[in-house]
Amino acid sequence: VPMVAPGNVQVQVINSTLAKVHWDTVPLKTVRGHLQGYKVYYWKVQSLSRRSRRHVEKKILTFRGNKTFGMLPGLEPYSSYKLNVRVVNGKGEGPASPDKVFKTPEGVPSSPSFLRITDPTLDSLTLEWGSPTHPNGVLTSYILKFQPINNTHELGPLVEIRIPANESSLILKNLNYSTRYKFYFYAQTSVGSGSQITEEALTIMDE
């Protein structure tokens, strides 16, 4: 198997899900056989928004031939990763380079995990929601947009409300009685808005 590890391993983080790794080729005599390529082992150490540690799954990408760089796609935003690089010949792989740590920046969050609308009265509705399964960063706020729908399914004026990120419910007041409303709800990080969740609900006709 090869005798030495690739040197001068560098990581360039391109965006929240993509990084580029560079390394120096090893002297050919240390390969001790036919150089097949380089393997990059990489794994997520932890999410920076959640302190939970789970079973670490190592991923491996093989770059054929005498390449000196490779792309690592499909990374999770706002996470800490480690990687190392090894030389491969026909017999197997050589020693690993020292582990390199890198962090991906924040991304936009996934949609809120649920949106429930309860306790209808003549002029109010209660909204409850769950935070995104993948915040992909630090949540800065939730955005609620809603509008009435009339009997011919035409949409009325859109109202927008910004809600602090630590809230999980809201009572909407001063609504019209016996009116159907459509709701659009999504979370935001400093990078931007995540995907939205939509619901409809009806205020009651009379007490």
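The following questions and answers concern a sheet and one residue, N89, in a predicted model. Local features need pLDDT of at least 70 and side-chain atom pairs count only at pLDDT 80 or more, while totals for chains, interfaces and linings use all residues. Residues are numbered from 1 along each chain as its sequence is written, and side-chain values use heavy atoms, without hydrogens and water.

Trainee: Which are the edge strands of the open sheet?
Mentor: Strands here are DSSP runs (E, at least two residues), numbered from the N terminus, and two of them pair if DSSP finds at least two bridges between them. Four strands form the open sheet, antiparallel, in the order β11-β10-β13-β14. Those that pair on one side only are β11 (159-164) and β14 (197-202).

Trainee: Which residue in β13 stands opposite L144?
Mentor: Strand β10 covers residues 141-149 and β13 covers residues 180-188. The two run antiparallel and are joined by nine bridges. Opposite L144 in β13 stands F185.

Trainee: Is N89 buried or exposed?
Mentor: Buried means under 20% relative accessible area and exposed over 50%, with partly exposed in between (1.4 Å probe, protein chains only). N89, found in strand β6 (residues 79-89), has 3% relative accessibility, so N89 counts as buried.

Trainee: Which backbone nitrogen does the side chain of N89 reach, and at what distance?
Mentor: Leaving aside neighbours within four places in sequence, N89 is in contact (heavy atoms within 4.5 Å) with several residues, including V1, P2 and R32. The N89 side chain reaches the backbone oxygen of R32 at 3.5 Å. The backbone nitrogen that this side chain reaches is that of K91, at 2.8 Å.

Note on methods:
Contact = heavy atoms within 4.5 Å. Polar contact = N/O pair within 3.5 Å; in protein donor to acceptor, adjacent residues only side chain to side chain.
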